[in-house]
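Me: I have a new structure to read. Please take me through it, one feature at a time.

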Amino acid sequence: MLLVAALSGCQRHSKSEHFYLVATNVKLAYWQTANAGFEKAAAQYGVTAEMTGPDSFDPRAEVDEFRAVVAKKPSGILVSVGNSTLMTPEIDKAIAAGIPVVTMDSDAPESHRLYFIGTNNLAAGRLGGQRVAAMLNGKGNVVFFTNAGQPNLDERLKGYKDVFAAFPGIKVVDVFDMKGDSGSAMDKTKEYLGRTGDGKVDAVVCLEASAAKDVGEMFERMSAQARVLIGMDVDDATLQLVKRGTVDSTISQKPYTMGFLGLKALDEIYHEPVKPLTQDFGLDPFAPFPAFVDTGVALVDKTNVDALMTWSANPANK
C-alpha cells in the first residue's frame, strides 16, 4: 500500500492541467486537424486540452478569447496569431503572469512568446512561386487572395514575390484582402477571369486555406481551367479540385503535427519551468528552447494527390 501511494504521488500529469489552443476560423478543417493533434497529445499525457476562438477570421475577437483564457490561469497556451500588433501585448502579459505561450502556424516574433512551431511560410511562398513561374513559363499576370495583416500570409506573399523578382515577365497585378470571407474571393475571381487583353489574369494564388474551393468553383463555372490556380492546404474540397485539374497544385502543411508538438512543448515547460519566462531566449546561446520548429511543407499536384487522399482517408492515421 505504501508503494502504491508513493507511485501515485509521483504521477507527472493530471486532468487538472488545462492547455488551450487559441485560433481564428476554428471551424475550418485545417483547425479541426490541428486540434486533433493537440487532443491526441493531451490524451497520451492524461491532461485536458481545449481549442477556442472565433468561427470567422476576427483578430479582435481572438484577442478577447485569449484574454479570457489567460484569466483562467491555464497550464499553457498555444496560439495562432491573427494580427501580431493586436496579440503581442496580450502574449507579453500572459508570459509576465508566468503562463507559458508558444505560437503556432502564425507567429508574433516581436512578442515574448517562447518559440514558434509551424511552417516556414517564406519557404512555402517560394515553393508556390517556383510552381507559378514554371507553369507560366516566366510570363503572366498574377493575383493573390489573402487576409491582410495576418503574419503567416504576409510571409507567404513575400516568398512568392522573392521568386518573381527573377522573372521580370511576371507581374503581380492585385493582392485582394478577403477579410476572412472566402465568398468574396469567389465574386472577385469572376471579375479577374473576365479581364482581357494586357489585363488578362493568368494565375490566381490563394494564400490561405478556405479560398481555393470557392475560387475553384468559379474557375469551373467559367471554364477557366487553362489558367493557373494554386491553393493552400489539403482539405478534401481542395484535393478534389487538384484531382480534377481545376487547381494546379496546393501547398501542404502539417497542422496536426503543430498541435501535437505544441501541447508536448507546453507540457514540458509547465513541468520544467524556466524563470523568468520573460528573458530574451532568442539571444541566449544556452536557451532551453529553439527559436523555431519547422514542421515542413510539400507541393501536392496530380502526381501525388491520390496517395495523399488515400492516406488521409485511413482512420488509423487520424
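Reply: Start with one pair of residues. A203 stands opposite V228 in β9. This is a predicted model.

Me: Which strands pair there, over how many bridges, and in what sense?

Reply: Strand β8, residues 203-206, pairs with strand β9, residues 228-232. They are joined by 3 bridges, in the parallel sense.

Me: What is the strand order of the sheet with β8 and β9, and what is its pairing?

Reply: Read a sheet from one side to the other. Here 6 strands run in the order β7-β6-β8-β9-β10-β12. The sheet is open and its pairing is mixed. At the edges are β7 (170-177) and β12 (298-300), each pairing on one side only. Neighbouring strands of this sheet are turned by 20° against each other on average, with direction ignored.

Me: Which strands does α6 lie across, and at what angle does it run to β6?

Reply: Look for the strands under the helix, then compare directions. α6 lies across β6 (140-146), β7, β8 and β9. Its run makes about 170° with β6. Helix α8, residues 211-221, also packs on the sheet. α8 touches β6, β8 and β9, and its direction makes about 160° with that of β9.

Me: What is the strand order of the sheet that holds β1, and is its pairing parallel or mixed?

Reply: Use the same reading. This open sheet has 6 strands, in the order β2-β1-β3-β4-β5-β11. Its pairing is parallel. The edge strands, pairing on one side only, are β2 (48-52) and β11 (292-294). On average, neighbouring strands of this sheet are turned by 20° against each other, direction ignored.

Me: How many bridges join β1 to β2?

Reply: Strand β1, residues 18-22, is joined to β2 by 5 bridges, and the two run parallel. For a residue pair, find F19: A49 in β2 stands opposite.

Me: Which strands do helices α3 and α4 meet?

Reply: Helix α3, residues 59-71, packs on the sheet and touches β1, β2, β3 (76-79) and β4 (101-104). The direction of α3 makes about 165° with that of β3. Helix α4, residues 84-96, lies across β3 and β4. α4 runs at about 145° to β4.

Me: Now the rings. How is a pair of aromatic rings described?

Reply: Two values do it: the distance of the centres and the angle of the planes. A search of the whole structure finds 11 aromatic pairs. One of them joins F116 and F292, with ring centres 5.4 Å apart. Their planes are at 20°, so the pair counts as stacked. The pair links distant parts of the chain, 176 residues apart. F116 is in strand β5 (residues 116-118), and F292 is in strand β11.

Me: Next, the empty space. How many cavities of 30 Å³ or more are counted?

Reply: The count is 1 cavity. About 200 Å³ of space lies in the largest cavity. Its lining has 20 residues. Nearest the centre are W31, D105, Q150, N152 and E208. Two elements give two or more residues to this lining: α2 (29-45) and α6 (151-164). The largest share, 3 residues, comes from α6. By class, the lining divides into 7 nonpolar, 9 polar and 4 charged residues.

Me: What is the volume of the second largest pocket, and which residues line it?

Reply: That pocket has a volume of about 180 Å³. Its lining includes P109, H112, R113, Q279, D280, F289 and P290. The classes are 6 nonpolar, 4 polar and 2 charged residues.

Me: Last, the backbone. What do most phi values and peptide bonds look like?

Reply: Most residues other than glycine have a negative phi, and most peptide bonds are trans. Now two particular cases. The peptide bond from K275 to P276 is cis, with omega near -5°. P276 sits in the loop between α10 (255-271) and β11. N137 is a residue other than glycine with a positive phi, near 55°. Find N137 in the loop between α5 (121-135) and β6.

Key
Residues numbered from 1 in each chain as written. Predicted model: local features only at pLDDT ≥ 70, side-chain atom pairs only at ≥ 80, totals over all residues. Heavy atoms only, no water. 1 Å grid on protein atoms, 1.4 Å probe; cavity = no way out; pocket = protein on both sides within 12 Å on 5 of 7 lines; lining within 4 Å. Points joined across faces, edges and corners; volume = space filled by probe spheres on them. Helix = DSSP H or I, 4+ residues; strand = E, 2+ residues; numbered from the N terminus. Nonpolar A, V, L, I, M, F, W, Y, C, P; charged D, E, K, R; others polar. Pairing = 2+ DSSP bridges. Axes fitted to C-alpha atoms, helices over the stretch in contact; angles between N-to-C directions. Contact = heavy atoms within 4.5 Å. Phe/Tyr/Trp six-rings, centres within 6.5 Å; stacked < 30°, edge-to-face > 60°.
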